[in-house]
Amino acid sequence: MSKIVLTKQIIEQGRSSKGGWSNQQWFCFGITSEEMKVGGWKDNIMDREFDKEIIDRFLALKDAHFNNKSSDQLSLLLT
């Protein structure tokens, strides 16, 4: 399994079209909701090596949370 260093550029590449990231993206790196409240966690994961699959998943989740919300809302309307 190949490893990739998580750089600022990769993190920025994963930023959503609205300028943020989803919790699911950070969960890829093992960051919990509680850690997100504390701060400094992004610096703790930057420049560390992660499996390529984890980086790919982080990037694939870009904007995915927007799609999930609209499909969830649609299913509520249809029930």
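## Core, rings and salt bridges

Trp26 is buried, with a relative accessible area of 2%. This is a predicted model. Trp26 makes a good starting point for the interior.

**The core.** Nonpolar side chains tend to be buried together in soluble globular proteins. Here the largest nonpolar core has twelve residues. Trp26 is one of them, and the others include Leu6, Ile31, Met36, Phe50 and Phe58. Helix H1 (8-13), helix H4 (41-45) and H5 are the elements that give two or more residues to this core.

**The rings.** The structure holds six aromatic pairs. Trp26 pairs with Phe29 in a tilted arrangement, 6.3 Å centre to centre and with 45 degrees between the planes. Phe29 is buried too, at 7% relative accessible area. Phe29 also pairs with Phe50: the ring centres are 4.8 Å apart and the planes stand at 65 degrees, so this pair is edge-to-face. Phe29 lies in the loop between helix H2 (23-27) and helix H3 (33-38), while Phe50 belongs to strand S2, so the pair ties together parts that are 21 residues apart in sequence.

Phe50 is buried, with a relative accessible area of 7%. Its contacts beyond four places in sequence are Ser2, Lys3, Ile4, Leu6, Phe29, Ile45 and Ile55. Ring pairs link Trp21, Trp26, Phe29, Trp41, Phe50 and Phe58 into a cluster.

Another ring has a charge over it. Lys18 lies over the face of Phe66, at 4.9 Å from the ring centre.

**The salt bridges.** Side chains of opposite charge can pair when their charged atoms come close. The structure holds four salt bridges. Three of these are listed here.

| Pair | Closest N and O atoms |
|---|---|
| Asp51 and Lys3 | 3.0 Å |
| Arg15 and Glu12 | 2.9 Å |
| Asp56 and Lys52 | 2.7 Å |

Which parts does the salt bridge between Asp51 and Lys3 tie together? Asp51 lies in strand S2 (residues 49-51) and Lys3 in strand S1 (residues 3-5), so the bridge joins parts that are 48 residues apart in sequence. Asp51 counts as buried because its relative accessibility is 18%, under the 20% cut-off. Lys3 is partly exposed at 48%.

Asp56 and Lys52 sit four residues apart in helix H5 (residues 52-60), about one helical turn. Asp56 is partly exposed, with 34% relative accessible area. Lys52 is partly exposed as well, with 33%.

In the remaining listed pair, Arg15 is partly exposed at 27%. Its partner Glu12 counts as partly exposed at 35%.

How values were computed
Residues are numbered from 1 along each chain as its sequence is written. This is a predicted model: local features need pLDDT of at least 70, side-chain atom pairs count only at pLDDT 80 or more; totals for chains, interfaces and linings use all residues. Side-chain values use heavy atoms; hydrogens and water are left out. A salt bridge is a side-chain nitrogen of Lys or Arg within 4 Å of a carboxyl oxygen of Asp or Glu. Buried means under 20% relative accessible area, exposed over 50%, partly exposed in between (1.4 Å probe, protein chains only). A nonpolar core is a set of buried Ala, Val, Leu, Ile, Met, Phe, Trp, Tyr and Cys residues joined through side-chain atoms within 4.5 Å. Contact means heavy atoms within 4.5 Å. Rings of Phe, Tyr and Trp (its six-membered ring) pair if their centres lie within 6.5 Å; planes under 30 degrees apart count as stacked, over 60 as edge-to-face and the rest as tilted. A charge sits over a ring if NZ of Lys or CZ of Arg is within 6 Å of the ring centre and within 35 degrees of the ring normal.
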